[in-house]
Amino acid sequence: MESKIIDLLSENNALTVNDIDSKLEINNIEETKKILKKMVDNLEITTTNKNKYILIENSKQLKGILSVSKAGYGFVKVKDHEDIYIGKNDMKGAINGDIVLIEMNKKSQKHSGRIVRIKNRDELS
């Protein structure tokens with residue numbers, strides 16, 4: 001089902017849970033919500049501020065691996081992108097090696113951002 005949702009989102013950009021449920025003819029909103037939550041937790045997709053689901057690559061967010069310094073700040077390594085600086089107040093509890101979803105700081109000229117989601121660590125090991 002996850003691959004069908006990814007295909008659907010790649011064709012439609014952002015969709016609501018109701019849109020996804022009806023277009024894939026699941027006809028079970030609660031089951032669709034469970035699948036979407038799992039996909040969000042696994043950083044396969046993300047949500048917009050209008051409660052729509054979207055592929056990460058079509059959003060304003062970036063996914064990467066966090067490297068943390070002894071001083072508490074970090075850098076996120078993002079594929080095909082310059083490393084993104086994360087200040088220690090923007091770490092959201094992430095630790096070295098976590099897979100994270102970040103948003104870029106809009107007001108900063110530097111490549112800096114803040115962590116918005118951390119992949120469930122239980123699934124990393």
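Strands, E, are DSSP runs of at least two residues, numbered from the N terminus. With that naming, lysine 92 can be placed in the loop between E5 and E6. The model used in these exercises is a predicted one.

**Exercise 1. Describe the overall make-up of the protein chain, from its elements to its surface.**

Step 1. Begin with the elements: the protein chain has three helices and seven strands, and from the N terminus on they run α-α-α-β-β-β-β-β-β-β.

Step 2. Turn to the extent of the chain, where the C-alpha atoms, taken along the principal axes, fill a box of roughly 50 × 35 × 25 Å.

Step 3. Consider burial and surface together: 33% of the 125 residues count as buried, while the accessible surface comes to about 8,100 Å², with 45% of it belonging to carbon and sulfur atoms.

Step 4. Finally, look at the contacts between residues at least 6 apart in sequence, of which 47% join residues at least 24 apart.

**Exercise 2. Work out which strands pair with E6 and E7, and in which sense.**

Step 1. Start from E3 and E6, which pair in the antiparallel sense over five bridges; within this pairing, isoleucine 65 has isoleucine 99 of E6 as its bridge partner.

Step 2. Move on to E6 and strand E7, residues 112-118, which also form an antiparallel pairing over five bridges. Here valine 100 stands opposite isoleucine 118 in E7, and methionine 104 stands opposite glycine 113 in E7.

Step 3. Add strand E5, residues 84-86, which pairs with E7 in the parallel sense over two bridges. In E7, glycine 113 stands opposite isoleucine 86.

Step 4. Put the results together: E6 is paired with E3 and with E7, and E7 is in turn paired with E5. Glycine 113 is thus named in two places, opposite methionine 104 and opposite isoleucine 86.

**Exercise 3. Characterise the largest pocket by its volume, its lining and the classes of its lining residues.**

Step 1. The volume of the largest pocket is about 370 Å³.

Step 2. Its lining consists of 14 residues, and those that lie nearest the centre of the pocket are Asn49, Ser59, Lys60, Gln61 and Glu103.

Step 3. Ask next which strands contribute: strand E1 (45-47) and strand E6 (99-104) each supply at least two residues of this lining.

Step 4. Sorting the lining by class gives two nonpolar, eight polar and four charged residues.

**Exercise 4. Carry out the corresponding description for the second largest pocket, and find a residue named in both pockets.**

Step 1. About 200 Å³ of space lies in the second largest pocket.

Step 2. Among the residues that line it are Ile6, Leu43, Glu44, Leu55, Gln61 and Val78. Strand E3, residues 61-68, provides the largest share of this lining, namely three residues.

Step 3. By class, the lining divides into six nonpolar, one polar and four charged residues.

Step 4. For the shared residue, take Gln61, which lies among the residues nearest the centre of the largest pocket and is also one of the residues lining the second largest pocket.

**Exercise 5. Decide whether asparagine 13 and lysine 92 are partly exposed or exposed, and describe the setting of each residue.**

Step 1. Asparagine 13 is found in the loop between H1 and H2, and it has a positive phi of about 65° although it is not a glycine.

Step 2. Asparagine 13 counts as partly exposed because its relative accessibility is 40%, and the partly exposed class runs between the limits of 20% and 50%.

Step 3. Lysine 92 lies in the loop between E5 and E6 and likewise has a positive phi, of about 55°, although it is not a glycine.

Step 4. Lysine 92 counts as exposed because its relative accessibility is 55%, and exposed means over 50%.

**Exercise 6. Locate aspartate 7 and serine 22, and classify the accessibility of each.**

Step 1. Aspartate 7 is found in helix H1, residues 2-12, and is partly exposed, its relative accessible area being 44%.

Step 2. The C-alpha atoms of aspartate 7 and isoleucine 54 are separated by 11 Å, with the two residues 47 apart along the chain.

Step 3. Serine 22 belongs to helix H2, residues 17-23, and is partly exposed as well, with a relative accessible area of 45%.

Step 4. Between the C-alpha atoms of serine 22 and threonine 32, which are 10 residues apart along the chain, the separation is 9.9 Å.

Technical notes: Residues are numbered from 1 along each chain as its sequence is written. This is a predicted model: local features need pLDDT of at least 70, side-chain atom pairs count only at pLDDT 80 or more; totals for chains, interfaces and linings use all residues. Side-chain values use heavy atoms; hydrogens and water are left out. On a 1 Å grid over the protein atoms alone, a cavity is a set of points where a 1.4 Å probe fits but cannot get out, and a pocket is an open set with protein on both sides within 12 Å along at least five of seven lines; lining residues have an atom within 4 Å of a point. Grid points are joined across faces, edges and corners, and a volume is the space filled by probe spheres set on the points. Helices (H or I, at least four residues) and strands (E, at least two) are DSSP runs, numbered from the N terminus. Ala, Val, Leu, Ile, Met, Phe, Trp, Tyr, Cys and Pro count as nonpolar, Asp, Glu, Lys and Arg as charged, and the others, Gly among them, as polar. Two strands pair if DSSP finds at least two bridges between them. Buried means under 20% relative accessible area, exposed over 50%, partly exposed in between (1.4 Å probe, protein chains only). Contact means heavy atoms within 4.5 Å. Accessible areas come from the Shrake-Rupley method with a 1.4 Å probe; for residues, only the protein chains shown count as cover.
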